[in-house]
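Please open the structure in your viewer and keep the selection tool at hand. The tour proceeds by selecting a few residues at a time.

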Amino acid sequence: MPKNIELGILGEKIASDYLVSKNYKIITKNFRKTFGEIDIVAKSKNNTLTFFEVKTIEENNLGFSPEDQMTFSKIKKLKKICEYFALKNKNLINEKQGWQIDLITIILKKSGEKEIKHYENI
């Protein structure tokens, strides 16, 4: 398996564990259509349907961050697949809270530690 795929799978596992620890209820992972993919779909503790994009990198000295991977075109594509999921699953949406897209970034440190950042409603 290519290293970037392994890194992505590991990042999504770390993100899922993080979300469960923050009282999110995971609904599905890796929702795919030909026009996009959602890494994680979950409900927050206040019942907001939340779509998560997960970006994971190994610590480096090049100055790159996982956030650098979230280009305008990637956000546009992500929004399209999230809108599709929301339209097909209206029963999961609380009218008061609606839905949102969050970003979770993970840096795997050389020391073995993990740096996790959660950006809400990107």
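Is Glu 59 buried, partly exposed or exposed? Select Glu 59 to begin, bearing in mind that the model is predicted. Glu 59 has a relative accessibility of 30% and therefore counts as partly exposed, because buried means under 20% and exposed means over 50%.

**First stop: a network of salt bridges**

Keep Glu 59 selected and add Lys 109. Their side chains meet in a salt bridge, with a distance of 3.9 Å from N to O. This pair links distant parts of the chain, for the two residues are 50 residues apart. Glu 59 lies in the loop between β3 and α2, and Lys 109 lies in the loop between β4 and β5. Lys 109 counts as partly exposed because its relative accessibility is 28%.

Next, add Glu 115. The side chain of Lys 109 also meets that of Glu 115 in a salt bridge, at 3.2 Å from N to O. With a relative accessible area of 26%, Glu 115 is partly exposed.

Then add Lys 117. Glu 115 forms a salt bridge with Lys 117, and their closest N and O atoms are 3.7 Å apart. Lys 117 is partly exposed, its relative accessible area being 35%.

With these four residues selected, the viewer shows a network of salt bridges that links Glu 59, Lys 109, Glu 115 and Lys 117. The count of salt bridges in the model comes to seven.

**Second stop: Lys 110**

Now select Lys 110, found in the loop between β4 (residues 99-108) and β5 (residues 114-119). Lys 110 has a relative accessible area of 61%, so this residue is exposed. How far apart are the C-alpha atoms of Lys 110 and Glu 59? They are separated by 6.3 Å, although the two residues are 51 residues apart along the chain.

**Third stop: the largest pocket**

Turn next to the largest pocket, which holds about 670 Å³ of space. Its lining consists of 24 residues, and those closest to its centre are Glu 12, Glu 37, Asp 39, Glu 53 and Val 54. Select these five residues to find the centre of the pocket.

Colouring the model by element helps with the next step. The elements that give two or more residues to the lining are α1, β1 (25-33), β2 (36-43), β3 (49-58) and α2 (72-88). Which element provides the largest share of the lining? The largest share, eight residues, comes from α1. By class, the lining has ten charged, seven polar and seven nonpolar residues.

**Fourth stop: Ser 16**

Select Ser 16, which is found in helix α1. Is Ser 16 buried or exposed? Its relative accessibility is 3%, so Ser 16 counts as buried. Add Thr 105 to the selection and compare the C-alpha atoms. Ser 16 and Thr 105 are 12 Å apart in space by C-alpha atoms, and 89 residues apart in sequence.

**Last stop: a nonpolar patch**

Finally, select Met 1, which is found in the segment before α1 (residues 3-21). Met 1 counts as exposed because its relative accessibility is 65%. Add Ile 5 and Ile 9 and display the surface. Together with Met 1, these residues form a nonpolar patch on the surface, and the three have about 320 Å² of accessible area together.

Key
Residues are numbered from 1 along each chain as its sequence is written. This is a predicted model: local features need pLDDT of at least 70, side-chain atom pairs count only at pLDDT 80 or more; totals for chains, interfaces and linings use all residues. Side-chain values use heavy atoms; hydrogens and water are left out. Patches are made of residues with over 30% relative accessible area and no salt bridge: like charges are joined within 9 Å, nonpolar side chains (Val, Leu, Ile, Met, Phe, Trp, Tyr) within 5 Å. Accessible areas come from the Shrake-Rupley method with a 1.4 Å probe; for residues, only the protein chains shown count as cover. Helices (H or I, at least four residues) and strands (E, at least two) are DSSP runs, numbered from the N terminus. Buried means under 20% relative accessible area, exposed over 50%, partly exposed in between (1.4 Å probe, protein chains only). On a 1 Å grid over the protein atoms alone, a cavity is a set of points where a 1.4 Å probe fits but cannot get out, and a pocket is an open set with protein on both sides within 12 Å along at least five of seven lines; lining residues have an atom within 4 Å of a point. Grid points are joined across faces, edges and corners, and a volume is the space filled by probe spheres set on the points. Ala, Val, Leu, Ile, Met, Phe, Trp, Tyr, Cys and Pro count as nonpolar, Asp, Glu, Lys and Arg as charged, and the others, Gly among them, as polar.
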